[in-house]
Amino acid sequence: GYLRGVQDTDLYSRVSGCIIEYKEGQEVKEGEVIYRIDPEPFHAELARAQANLEAAKASLAQAEASRDQCQLDLNRYKDLVTTGAASDKQLTDAEHNLASALAKVKACQADILQQEAAVRTATINLEYTEIKAPYDGFIGTSNIFIGAYVSPSTKLGNITSSGALRVDVSINSNAQYDSFQP
């Protein structure tokens, strides 16, 4: 049989990357970093996402300025049409320009939402470069080494809780279960 902690967990990465630090065969505290994946590509991805967000905000400011100008133009043409100084076509064109500008503002607002989500995703992925102990326990032998490329399907190692233990045993199917007592 085997002695294990009451809690026994296989550890996996949530992101892909190269291992730059790991611990094995020692006691760890909850929240302590056990494995660290190279964070540099994730820092770069976060910076790219933040830059894209800033660009989207600038595009929105430009679209809002264009919308405001189109609204002013439309108001002018409405006044000019009533006096005969502008044609109905010019008024229709101004209405179309405003509708187009309003659609551009909505598209820019949607782009900002997408870029904010990309920043949040990049932030989460950066946080996932640190695999932390889910509870106080002992980290066993690692399945990986420094420089190893891991992905979410790569088992990194195992942690078992400290404190109370459990015994895992195999029982032969021919044995009498009635006579077994813990």
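Which residue in strand 9 is the bridge partner of G137? It's S161, and the rest of this briefing walks through the helix, sheets and cysteines around that pair. Keep in mind that this is a predicted model, where local features need pLDDT of at least 70, side-chain atom pairs count only at pLDDT 80 or more, and totals for chains, interfaces and linings use all residues. Residues are numbered from 1 along each chain as its sequence is written, and side-chain values use heavy atoms, with hydrogens and water left out. Helices (H or I, at least four residues) and strands (E, at least two) are DSSP runs, numbered from the N terminus.

**Helix 2**
- Helix 2 covers residues 88-127, which makes 40 residues.
- From first C-alpha to last, helix 2 reaches 59 Å, close to the 58 Å expected at 1.5 Å a residue (the expected span is 1.5 Å times one less than the number of residues).
- Among the buried residues of helix 2 are L91, L98, V105, I112, V119 and L126 (buried means under 20% relative accessible area, exposed over 50%, partly exposed in between, with a 1.4 Å probe and protein chains only).
- Those buried residues of helix 2 pack against helix 1 (40-83) and strand 6 (130-132), where contact means heavy atoms within 4.5 Å.

**The sheet with strands 2, 9, 7 and 4**
- This open sheet of four strands runs in the order 2-9-7-4, with antiparallel pairing (two strands pair if DSSP finds at least two bridges between them).
- Strand 2 (8-12) and strand 4 (26-28) sit at the edges, each pairing on one side only.
- Neighbouring strands here are turned by 35° against each other on average, direction ignored (axes are lines fitted to C-alpha atoms, for helices over the stretch in contact, and angles run from 0 to 180 degrees between N-to-C directions).
- Strand 7 (residues 137-139) and strand 9 (residues 155-161) pair in the antiparallel sense over three bridges.

**The sheet with strands 6, 5, 3 and 8**
- Here an open sheet of four strands has the order 6-5-3-8, again with antiparallel pairing.
- Its edge strands are strand 6 and strand 8 (149-150), and each pairs on one side only.
- Three bridges link strand 3 (residues 17-22) and strand 5 (residues 33-37) in the antiparallel sense.
- I19 stands opposite I37 in strand 5.

**Cysteines**
- Searching the whole structure turns up zero disulfides (a disulfide is a pair of cysteine sulfur atoms within 2.5 Å).
- C70 is in no disulfide, and its nearest cysteine sulfur, that of C108, is 13 Å away.
- C70 is buried, with a relative accessible area of 13%.
- C108 is buried too, with a relative accessible area of 5%.
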